Amino acid sequence: MYGLPPSTDLSALRGLLLTQVCVGQHEVNLNFEGECRIMVTSTFVMHSGGRETSDRSEILTEFIASLGKAIQSVEWNVAGTVRLRFAGRAATIDILDDEPNYESYEIQFKDRPLIVV
């Protein structure tokens, strides 16, 4: 649980097209156009229709439904939570910084430093 520095700016994620979802036993990789990726080893929480879930299969279904869609909005806070919403999708998905002993996620932009939380 490292959190994000107040100077963090993830606005470059807006408009990026989700091109690939790779699922492993302990991680999920979201690959975007423009050589950007988010590797998550922590918890996701999905908000949709007034309901909240952390069920992995439901969230992966939402990611697969979002393939070929751009990130419409991205929000983040110093506690380390990143919230994504894809164009044309009602759900928002939170990536949590909830791993006290390990990195929770990495965000890699082509020309920017790696962000590890």
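This note goes through the strands, the helix and a group of aromatic rings in a predicted model.

1. **The open sheet.** The sheet to look at first is an open one of 5 strands, and its order is β1-β2-β3-β9-β10, with antiparallel pairing. At its edges lie β1 and β10 (115-116), each of which pairs on one side only. It may help to trace this order in the structure before turning to the individual strands.

2. **From β1 to β2.** Strands β1 and β2 pair in the antiparallel sense over 5 bridges, and the hairpin that joins β1 to β2 passes through 4 residues. Two of the positions can be followed by name: Gln 20 has Asn 31 in β2 as its bridge partner, and Val 23 has Val 28, also in β2, as its bridge partner.

3. **From β2 to β3.** The next pair, β2 and β3, is again antiparallel and is joined by 5 bridges. These two strands form a hairpin with 3 residues between them, and in the turn Gly 34 has a positive phi of about 75 degrees. Val 28, which is the bridge partner of Val 23, has Val 40 in β3 as a bridge partner, and Asn 31, which is the bridge partner of Gln 20, has Arg 37 in β3 as a bridge partner.

4. **From β3 to β9.** On the way along the sheet, β3 is joined by 4 bridges to strand β9 (residues 105-108), and the two run antiparallel. Val 40 has Tyr 105 as its bridge partner in β9, while Val 40 is also the bridge partner of Val 28.

5. **Two strands with different burial.** Which side chains of β3 are buried, and which are not? In strand β3 (residues 36-40) the side chains alternate, so that Cys 36, Ile 38 and Val 40 point to one face and are buried, whereas Arg 37 and Met 39 point to the other face and are not buried. Strand β2 is mostly covered, with 5 of its 5 residues buried: Val 28, Leu 30 and Phe 32 point one way, Asn 29 and Asn 31 point the other way, and all are buried.

6. **The helix and its buried side.** Helix α1 spans residues 56-65, and its buried residues are Ile 59, Leu 60, Glu 62 and Phe 63. They lie on the same side of α1, because the arc that they cover around the axis is only 155 degrees. As background, residues three or four places apart in an α-helix point the same way, because such a helix has 3.6 residues a turn. The face of α1 turned away from the buried side carries the exposed residues Thr 61 and Ile 64.

7. **What the helix packs against.** The buried residues of α1 pack against several strands, among them β1 (18-23), β2 (28-32) and β4 (44-48), and also β7 (82-86). The helix lies across β1 and β2, and it runs at about 155 degrees to β1.

8. **Glu 62.** Is Glu 62, which lies in helix α1, buried or exposed? Glu 62 counts as buried because its relative accessibility is 10%, and the cut-off for buried is under 20%. Leaving out residues up to four places away in sequence, Glu 62 touches Met 46, Arg 89, Ala 91 and Ile 93.

9. **The aromatic cluster.** There are 2 aromatic pairs in the count. Phe 44 and Phe 63 form an edge-to-face pair, with 5.2 Å from centre to centre and 70 degrees between the planes. This pair links distant parts of the chain, since Phe 44 is in strand β4 and Phe 63 is in helix α1, 19 residues apart. Phe 63 and Phe 86 also form an edge-to-face pair, at 6.4 Å from centre to centre and with 85 degrees between the planes. Because Phe 63 lies in helix α1 and Phe 86 in strand β7, this pair ties together parts that are 23 residues apart in sequence. Phe 44, Phe 63 and Phe 86 form one aromatic cluster; Phe 44 is buried, with a relative accessible area of 9%, and Phe 63 is buried, with a relative accessible area of 0%, while Phe 86 is buried as well.

10. **Ile 71.** Ile 71 is found in strand β6 (residues 71-76), and it counts as buried because its relative accessibility is 3%. Apart from neighbours within four places in sequence, the residues in contact with Ile 71 include Leu 13, Leu 16, Phe 32, Leu 84 and Phe 86.

Methods
Residues are numbered from 1 along each chain as its sequence is written. This is a predicted model: local features need pLDDT of at least 70, side-chain atom pairs count only at pLDDT 80 or more; totals for chains, interfaces and linings use all residues. Side-chain values use heavy atoms; hydrogens and water are left out. Buried means under 20% relative accessible area, exposed over 50%, partly exposed in between (1.4 Å probe, protein chains only). Contact means heavy atoms within 4.5 Å. The arc is that of the directions from the helix axis to the C-beta atoms. Two strands pair if DSSP finds at least two bridges between them. Axes are lines fitted to C-alpha atoms, for helices over the stretch in contact, and angles run from 0 to 180 degrees between N-to-C directions. Rings of Phe, Tyr and Trp (its six-membered ring) pair if their centres lie within 6.5 Å; planes under 30 degrees apart count as stacked, over 60 as edge-to-face and the rest as tilted.
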